[in-house]
Amino acid sequence: AKIQSQLDGQFFISIVSADLDAPDPYYLMPLAERNLESEIQLLRISGDAPLQALADVLNSLEKLHELGYVHRDLKPQNVLLHDGVWKLSDFGLVLPPAGGTTKLTSVHSAWGTTAYCAPEQALQFGNVTAAADIYAFGCILHDAFVGAPRIPYQRHGGPGPLGTIIEKCTETKPLDRFHSVTALRSALLPLLATGGATTKSSVAPSGWAKAVASVVSWDTQKFRDLLQHM
C-alpha cells in the first residue's frame with residue numbers, strides 16, 4: 001500500500017486512503033470497471049484483441065521498471081480499467097529497488113501466481129529482475145491470442161508472428177527475453193496494428209519438404225514460419 005500510494009495514478013490504481021497502523025489495518029482504492037481477465041474473455045467471443053489494454057499495461061510496466069520496481073505478480077486479474085485506462089494494481093509482492101526495506105513475511109505468498117510466474121521466481125524469488133514481468137506479460141499475450149492451457153515455468157508460443165513474440169517473452173533464461181519493455185513494445189504494437197499478428201504460415205505442412213529445397217532464397221519471415229511450424 002505504501003509503494004502503490006506513491007505511484008502515478010495515470011498508470012496505477014491509486015490509494016484513496018489508508019491506515020496501516022490501525023488495529024484493523026486497511027487501505028481503499030477506487031472502484032474499477034472490470035479487470036483484464038474479463039475483458040479477454042469478452043473479446044475472445046467477439047474475435048477482437050485487447051489492443052488498448054496491452055498498450056496501457058506496457059506503459060505502466062515501463063514506468064514501474066524505470067522506478068526500479070518489479071511487480072512479480074503481473075496477471076490479468078491485477079490489471080484494472082479505471083477512468084478509461086488500464087492500470088496495474090495489487091502490489092503485494094512488489095520488489096523495491098536495491099536497498100529497499102520491504103521484506104516478504106509469508107513464504108506461502110512468495111510465489112505469486114503459478115500460471116504467470118517466470119522460472120527464476122521458483123528459485124530466487126527475492127532477487128528476480130524486471131525480466132520476470134516480461135515473462136508474465138508473455139503469458140498474458142498467450143491468454144489473449146492463444147487461450148490454451150499452459151505448463152508453468154516453460155516457454156510458450158502461438159500461431160503466426162505473434163507466437164515468436166510470446167516465445168521471446170517467455171524464454172526460460174531471463175537474458176534471452178526482451179531486454180526492456182521498450183524493446184517489447186517496438187516489436188508488439190506495430191504487429192498488432194497490422195491486424196496480422198496471428199496469421200498462420202502460408203506454407204502447408206506437406207509443402208515444407210519442397211520449400212526447404214529453395215532455402216538459399218528464403219527471407220527472414222520464411223525462416224520464422226518454419227520455426228513456428230516446428
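**Exercise 1. Cysteines**

How far is the sulfur of C169 from the closest cysteine sulfur, and in which residue is that sulfur? Use the distances to account for the number of disulfides in this predicted model.

Solution.
- Step 1. For C169, the closest cysteine sulfur is in C139, at 8.9 Å, which is too far for a bond.
- Step 2. Repeat this for C117: its closest cysteine sulfur also belongs to C139, and the distance is 8.8 Å, again too far for a bond.
- Step 3. Apply the cut-off: a disulfide needs two cysteine sulfur atoms within 2.5 Å. The search of the whole structure finds 0 disulfides.
- Step 4. Check the surroundings. C169 has a relative accessible area of 0% and is buried; C117 is buried too, at 2%.

**Exercise 2. Helix α4**

Compare the span of helix α4 with the expected one, and state how many of its residues are buried.

Solution.
- Step 1. The helix runs over residues 131-145, which makes 15 residues.
- Step 2. From its first C-alpha to its last, α4 reaches 21 Å, close to the 21 Å expected at 1.5 Å a residue.
- Step 3. Of its 15 residues, 15 are buried, so α4 is largely enclosed by the rest of the structure.
- Step 4. Look past the end of the helix: G147 follows α4 and has a positive phi, near 80°.

**Exercise 3. The largest nonpolar core**

Find which residues of the largest nonpolar core touch the most other members, and which element supplies the largest share.

Solution.
- Step 1. The core has 45 residues, and those touching the most other members are L74, L88, F137, L141, I165, L184 and L188.
- Step 2. At least two core residues come from each of α2 (36-46), α3 (51-66), β4 (79-82), β5 (85-88), α4, α5 (160-169) and α6 (181-194).
- Step 3. The largest share is that of α4, with 10 residues.
- Step 4. Take I165 as a case. With residues up to four places away in sequence not counted, I165 touches L141, F178, L184, A187, L188 and L191.

**Exercise 4. Salt bridges**

Describe three salt bridges of the model: R185 with E62, E120 with R177, and D143 with R150. For each pair, decide whether the partners are buried or exposed.

Solution.
- Step 1. The whole structure holds 5 salt bridges according to the search.
- Step 2. R185 and E62 meet through their side chains at 2.8 Å, N to O. R185 is in helix α6 and E62 in helix α3, 123 residues apart, and the pair links distant parts of the chain. Both residues are buried.
- Step 3. The side chains of E120 and R177 meet in a salt bridge, with N to O at 2.8 Å. Because E120 lies in the loop between β5 and α4 and R177 in the loop between α5 and α6, this pair ties together parts 57 residues apart in sequence. E120 counts as buried at 6% relative accessibility, and R177 is buried at 0%.
- Step 4. Between D143 and R150 the closest N and O atoms are 2.6 Å apart. Both partners are buried.

**Exercise 5. The surroundings of E120**

Which residues are in contact with E120, leaving aside its neighbours within four places in sequence?

Solution.
- Step 1. Locate the residue: E120 sits in the loop between β5 and α4.
- Step 2. List the contacts: F125, V128, A131, A132, T172, P174 and R177.
- Step 3. Pick out the salt-bridge partner: R177 is in this list, and its side chain forms the salt bridge with E120.

Notes:
Residues numbered from 1 in each chain as written. Predicted model: local features only at pLDDT ≥ 70, side-chain atom pairs only at ≥ 80, totals over all residues. Heavy atoms only, no water. Buried < 20%, exposed > 50% of the residue type's maximum accessible area, 1.4 Å probe, protein only. Helix = DSSP H or I, 4+ residues; strand = E, 2+ residues; numbered from the N terminus. Expected span 1.5 Å × (residues − 1). Core = buried A, V, L, I, M, F, W, Y, C linked by side-chain atoms within 4.5 Å. Contact = heavy atoms within 4.5 Å. Salt bridge = Lys/Arg side-chain N within 4 Å of Asp/Glu carboxyl O.
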